[in-house]
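Here are a few exercises to work through with the model open beside you. Try each task before reading its solution.

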Amino acid sequence: MSMITILSLRFHIMLIAECVIEARSDDAVIQEMQRFPESELLQRSCCFMIQNLVVRSPENIAIFLRNVIEKLMRKDKMNYKSYKNVATDALRDFGLDSCNL
């Protein structure tokens with residue numbers, strides 16, 4: 001997760017985001033978030049990765065929102081204090097008006 005997060009942040013081209021989505025990494029990220037809900041560090045890394053992919057390629061918003069990512073982020077936002085700002089920023093980048101709920 002960390003490597004994809006860094007790559008998607010460092011390279012301002014949509015190619016990285018497209019490759020990640022093409023490789024079905026969006027599903028892998030969501031599966032890992034569901035499999036390890038108690039891992040705050042993993043949840044945070046996944047959120048950063050998703051946020052970077054959405055910011056670099058806004059067309060990825062629909063891909064992530066069709067899954068359960070909003071529900072996962074909101075749940076983690078409530079459970080982990082250090083996660084709150086990260087999740088709020090990611091939800092904002094998804095264009096959700098209620099990102100502070």
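**Exercise 1.** Is Ser-57 buried or exposed?

*Solution.* Keep in mind that this is a predicted model. Start with the position: Ser-57 sits in the loop that links helix H4 (40-56) to helix H5 (60-65). Next, take the relative accessible area of Ser-57, which is 0%. The cut-off for buried is under 20%, so Ser-57 is buried. Finally, look for a partner distant in sequence: Glu-18 is 39 residues away along the chain, yet its C-alpha atom lies 7.9 Å from that of Ser-57.

**Exercise 2.** Work out how helix H3 (residues 25-35) and H4 are oriented to each other, and which residues make their contact.

*Solution.* First, the axes: those of H3 and H4 come within 10 Å and cross at roughly 155°. Angles over 145 degrees count as roughly antiparallel, and therefore H3 and H4 are roughly antiparallel to each other. Second, the hand: H3 passes H4 in a left-handed crossing. Third, the residues: H3 contributes Ser-25, Val-29, Glu-32 and Met-33, while H4 contributes Leu-42, Gln-43, Cys-46, Met-49 and Ile-50. Sorted by class, this contact of H3 with H4 holds six nonpolar, two polar and one charged residues.

**Exercise 3.** Now do the same for H6 and H7: find their relative direction and the make-up of their contact.

*Solution.* The axes of H6 and H7 come within 9 Å, crossing at roughly 155°. H6 and H7 are therefore roughly antiparallel to each other, and their crossing is left-handed. On the H6 side the contact uses Glu-70, Met-73, Arg-74 and Lys-77; on the H7 side it uses Lys-84, Ala-87, Thr-88, Ala-90 and Leu-91. Counting classes for H6 with H7 gives four nonpolar, one polar and four charged residues.

To finish with H7 (residues 84-93), list its buried residues: Val-86, Ala-87, Thr-88, Ala-90 and Leu-91. These pack against H4 and helix H6 (69-79). After H7 comes Gly-95, with a positive phi near 85°.

**Exercise 4.** Which element gives the most residues to the largest nonpolar core?

*Solution.* The largest nonpolar core has 25 residues, and Met-33, Ile-50, Phe-64, Ile-69, Met-73, Tyr-83 and Phe-94 have the most contacts inside it. Two or more residues of this core come from each of H3, H4, H5, H6 and H7. H4 gives the most, with seven residues.

Now zoom in on Met-73. Leaving aside residues up to four places away in sequence, Met-73 touches Cys-47, Ile-50, Tyr-83, Ala-87, Ala-90, Leu-91 and Phe-94.

How values were computed:
Residues are numbered from 1 along each chain as its sequence is written. This is a predicted model: local features need pLDDT of at least 70, side-chain atom pairs count only at pLDDT 80 or more; totals for chains, interfaces and linings use all residues. Side-chain values use heavy atoms; hydrogens and water are left out. Helices (H or I, at least four residues) and strands (E, at least two) are DSSP runs, numbered from the N terminus. Buried means under 20% relative accessible area, exposed over 50%, partly exposed in between (1.4 Å probe, protein chains only). Axes are lines fitted to C-alpha atoms, for helices over the stretch in contact, and angles run from 0 to 180 degrees between N-to-C directions. Angles under 35 degrees count as roughly parallel, over 145 as roughly antiparallel, 65 to 115 as roughly perpendicular and the rest as oblique. A crossing is left-handed if the near helix is turned anticlockwise from the far one by less than a right angle, and right-handed if clockwise. Contact means heavy atoms within 4.5 Å. Ala, Val, Leu, Ile, Met, Phe, Trp, Tyr, Cys and Pro count as nonpolar, Asp, Glu, Lys and Arg as charged, and the others, Gly among them, as polar. A nonpolar core is a set of buried Ala, Val, Leu, Ile, Met, Phe, Trp, Tyr and Cys residues joined through side-chain atoms within 4.5 Å.
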